[in-house]
Amino acid sequence: MGKFFNKYILPPVMKFVNTKPMLSLRDGMVLSLPFIMIGSVFLLLASFPLPAVAN
């Protein structure tokens, strides 16, 4: 199964993934991910789900 996958499935998928639109989409997501994670932590702290801790 691994040889079939490496020989027939992986090359067309890699050809598609290495196109300019896919690379720019990947780079954009990688660059924005730290800001999204930091923002989500602050949102969680701002509206903590337990009323005893929130007050």
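Tutor: Before we look at the helices, take the bend at a residue to be the angle between two axes, one fitted to the seven residues that end there and the other to the seven that start there. Keep in mind as well that the model we are reading is predicted.

Student: At which residue of helix α1 does a kink lie?

Tutor: Helix α1 runs over residues 2–17, and although a straight helix of 16 residues would span 22 Å, its end C-alpha atoms span only 20 Å. A kink of about 45° is found in α1, shortly before the proline P11, and the residue at which this kink lies is L10.

Student: How far apart are the end C-alpha atoms of α2, and where does a kink lie in that helix?

Tutor: Helix α2 covers residues 20–46, and at 1.5 Å a residue its 27 residues should span 39 Å. The distance between its end C-alpha atoms agrees with that expectation, being 39 Å. A kink of about 35° is nevertheless present in α2, shortly before the proline P34, and the residue where it lies is S32.

Student: How many helices and how many strands does the chain have, and is the chain a compact globule or more spread out?

Tutor: Read from the N terminus, the elements follow the order α-α-α, and the count is three helices and zero strands. The globule rule gives 10 Å for 55 residues, whereas the radius of gyration of the chain is 20 Å, well over that value, so the chain, set against a compact globule, is more spread out.

Student: What box do the C-alpha atoms fill, and what percentage of the residues count as buried?

Tutor: Taken along the principal axes, the box filled by the C-alpha atoms is roughly 60 × 30 × 10 Å. The accessible surface of the chain comes to about 5200 Å², and 78% of it belongs to carbon and sulfur atoms. To count as buried, a residue must have under 20% relative accessible area, and of the 55 residues the share that does is 0%.

Student: Which residues form the aromatic pair, and what is the angle between their planes?

Tutor: A search of the whole structure finds one aromatic pair, and it is formed by F4 and Y8, which both lie in helix α1, four residues apart, or about one turn of the helix. Both residues are partly exposed, F4 with a relative accessible area of 45% and Y8 at 48%. The ring centres are 5.3 Å apart and the pair is tilted, the angle between the planes being 45°.

Student: Which residue forms a salt bridge with R26?

Tutor: Side chains of opposite charge can pair when their charged atoms come close. A search of the whole structure finds one salt bridge, and its closest N and O atoms are 3.3 Å apart. R26 counts as partly exposed at 48% relative accessibility, and its partner, also partly exposed at 38%, is D27.

Student: Is K15 buried or exposed, and how far is its C-alpha atom from that of G39?

Tutor: K15 lies in helix α1, and since its relative accessibility is 67%, K15 counts as exposed. Along the chain K15 and G39 are 24 residues apart, and the separation of their C-alpha atoms is 34 Å.

Student: What separates the C-alpha atoms of L44 and L33?

Tutor: L44 is found in helix α2, where, at 47% relative accessibility, L44 counts as partly exposed. L33 is 11 residues away from L44 along the chain, and the distance between the two C-alpha atoms is 17 Å.

Key. Residues are numbered from 1 along each chain as its sequence is written. This is a predicted model: local features need pLDDT of at least 70, side-chain atom pairs count only at pLDDT 80 or more; totals for chains, interfaces and linings use all residues. Side-chain values use heavy atoms; hydrogens and water are left out. Helices (H or I, at least four residues) and strands (E, at least two) are DSSP runs, numbered from the N terminus. The expected span of a helix is 1.5 Å times one less than its number of residues. The radius of gyration is taken over C-alpha atoms; the globule rule is 2.2 Å times the number of residues to the power 0.38. Buried means under 20% relative accessible area, exposed over 50%, partly exposed in between (1.4 Å probe, protein chains only). Accessible areas come from the Shrake-Rupley method with a 1.4 Å probe; for residues, only the protein chains shown count as cover. Rings of Phe, Tyr and Trp (its six-membered ring) pair if their centres lie within 6.5 Å; planes under 30 degrees apart count as stacked, over 60 as edge-to-face and the rest as tilted. A salt bridge is a side-chain nitrogen of Lys or Arg within 4 Å of a carboxyl oxygen of Asp or Glu.
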